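Here are a few exercises to work through with the structure open in your viewer. Try each task before you read the solution.

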Amino acid sequence: MGDSSVAGALVPSVLKQEPAPSGDASTAAPAAVEEPGARAAAGADGETTADRDLLCPICMAVIKDAFLTACGHSFCYMCIVTHLSHKSDCPCCGNYLTKAQLYPNFLLDKVLKKMSARQIAKTASPIDQFRYALEQGNDMAVKELDSLMTLIAEKKRHMEQQESETNMQILLVFLHCLRKQKLEELNEIQTDLQYIKEDISAVERHRLELYRTKERYSMKLRMLLDDPAASKMWPSPMDKPSGLFPPDSRVPLSSSTPGVLQNKKLDLKGQIRHHGFQRRDALTCSEPSSSPIQSGNVIARKRRVQAQFNELQEYYLQRRRTGAQSRRLEERDIVIMNKEGYHAGLEDFQSVLTTFTQYSRLRVIAELRHGDLFHSANIVSSIEFDRDDELFATAGVSKRIKVFEFSTVVNEPSDMHCPVVEMATRSKLSCLSWNKYSKNVIASSDYEGIVTVWDVQTRQSVMEYEEHEKRAWSVDFSRTEPSMLVSGSDDCKVKVWCTKQEASAINIDMKANICSVKYNPGSSHYVAVGSADHHIHYFDLRNPSAPVHVFGGHKKAVSYVKFLSNNELASASTDSTLRLWDVKENCPVRTFRGHKNEKNFVGLSVNNEYIACGSETNEVFVYHKAISKPAANHRFVSSDIDDTDDDPGSYFISAVCWKSDSPTMLAANSQGTIKVLVLAP
């Protein structure tokens, strides 16, 4: 009732406003009759207040070039001539009419011109009035024209001056803005240069200290060779093991034969001379190309730096600026300096530079076939290492969980390795997750939506959860609470389970399919959910009604989410990108591009420094978390495809897994080939 009454009250208010204009129009018509000039001018301007008698009955506009008929009606000349070319009657009264019976109506034309002039005088601008007066040929004295032209010229100069001042003001504003922007850029560049200068000094200082230390050791060795008793003159802190002279090498020195002693003297003197050259190089900041230190590995690492120079530069400046800001906030310069005299930003960048340039490729150290004679479907959907990295389990569309011993696969050269444990399932498997505390417990999710907890030792299922209504894509055990696990499904639901009870403990309803779920490694309260709505939803399970934060940036479904640390979250999407997020600050960190992923689950695995993923080009890609371009990649080349109908380009990487925080990883493709890969220089 309330709504209807409100709607009813609004309608009359609208109706009351409509008659008012119509009433005005009805009263405006007589006024127009009293002053026909206004209607004539309005006809020229397209208005609707002219007297009907001044309108042409044919075109309904103000009559132009009025002509009168024998029956006394007036029309526009073109209108009546066009009418008579088709009919021979008057449009008003219907009497017989021909073109010979048309006569110019000079009086009506004169009246209409006067009405137009009167209307222009009322509504037109001074310029229009002046132009109209000149067109009408009004008489004007030459003196008056000179005075008028002087006023016009002065007005023109004044307007030009104003326009010039306005243009100059706009230009000046632009230049000031540009100057401000460039000064800010210059200030930023100068600040960056100061950071670089400080860091160069710190690195050179530390490098010089290293060379001086080596020089002191070289001098000590020389004194020991010349006079073994001189070793007592050196302070005890210097008597440390070094790569040049082992601690226990003094004993055989006195008991050696003269020839052996002479050879050792020559070797050590050569090393001493080499360190002397290095010291001079450090002082002159030069790097001799003939130095033995310039090995192939060093040259390759320098090439990697040059290849990724822009990315490294961006990361260095980011870390250095962040470190400088934190230093200014804390006002404790000494606290953020490490033992080498480096600032925190430089120390962090050195760590990234070291790890990034250390590896450039993936080397195969072992390979095995996951398929068997009884199952043609060999796609490996998931690979997971156990708690101790001694065993790894595989699962896929073959409806079997196979557990292999890692050391056996690596050390025994064979393409076909027998699993130590094999468990059959009712449906195709999508994901595996080892329990982080119990070595024999593993969970799986399958295409029927069933989440199963297995005992690897007995090869039997311990619990089966069947609450999901559609395919379950992901399952994950909590690292901090071993009895808790989480799963996500195509039924748009996230469910949290406890191995001590049969029903789900927490149920989260979402609006899109769930592709991946992952516990935060530092807390069993936080779960990241990758969804088909292109977003990552970060939940606090203590209040699951709404996510703590929603990370947006992907353009397609988020297929995987993995934690590098308690605050760093990596995500993969079918938009062919990986993204790194900071779940503490709730902000994006970096986007990684290089692989191809548009429709398949290609795997995602992370460790402290590196992110690995598959590609639909049948390649494995490895990214360093600080660099957005790939650090290494490896293509799977099948040796089983000869004259078959299969297209090698149709295969893709389907699962990847790092071995804890080591440079070793497992990768599998849709053909069922599993490779053990290791990062190599």
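**Exercise 1.** In this predicted model, work out whether aspartate 386 is buried or exposed, then find its salt-bridge partner.

*Solution.*
- Start with the relative accessible area: aspartate 386 comes out at 4%. Buried means under 20%, so aspartate 386 is buried.
- Next, look for a partner: the side chain of lysine 439 meets that of aspartate 386 in a salt bridge, 2.3 Å from N to O.
- Now place the two: aspartate 386 sits in the loop between β5 and β6, and lysine 439 in the loop between β9 and β10, 53 residues apart.
- Finally, widen the view: a network of salt bridges links Asp386 and Lys439 with Arg387, Asp388 and Glu390.

**Exercise 2.** Find which residue pairs with glutamate 198 in a salt bridge, and say what the pair ties together.

*Solution.*
- The partner is arginine 320, at 3.1 Å from N to O.
- Glutamate 198 belongs to helix α7 and arginine 320 to helix α11, so the bridge ties together parts 122 residues apart in sequence.
- Check the surroundings: glutamate 198 is partly exposed at 26% relative accessibility, while arginine 320 is buried at 1%.

**Exercise 3.** Pick out the residues of the largest nonpolar core that touch the most other members, then list some contacts of tryptophan 658.

*Solution.*
- The core has 29 residues, and the ones to pick are Leu362, Tyr610, Val620, Val622, Trp658, Met665 and Leu679.
- Leaving out residues up to four places away in sequence, tryptophan 658 touches several residues, including Phe385, Tyr610, Val622, Met665 and Leu679.
- There's also a second, separate core of 19 residues, with Val62, Cys90, Leu102 and Leu112 among them.

Note on methods: Residues numbered from 1 in each chain as written. Predicted model: local features only at pLDDT ≥ 70, side-chain atom pairs only at ≥ 80, totals over all residues. Heavy atoms only, no water. Core = buried A, V, L, I, M, F, W, Y, C linked by side-chain atoms within 4.5 Å. Buried < 20%, exposed > 50% of the residue type's maximum accessible area, 1.4 Å probe, protein only. Contact = heavy atoms within 4.5 Å. Salt bridge = Lys/Arg side-chain N within 4 Å of Asp/Glu carboxyl O. Helix = DSSP H or I, 4+ residues; strand = E, 2+ residues; numbered from the N terminus.
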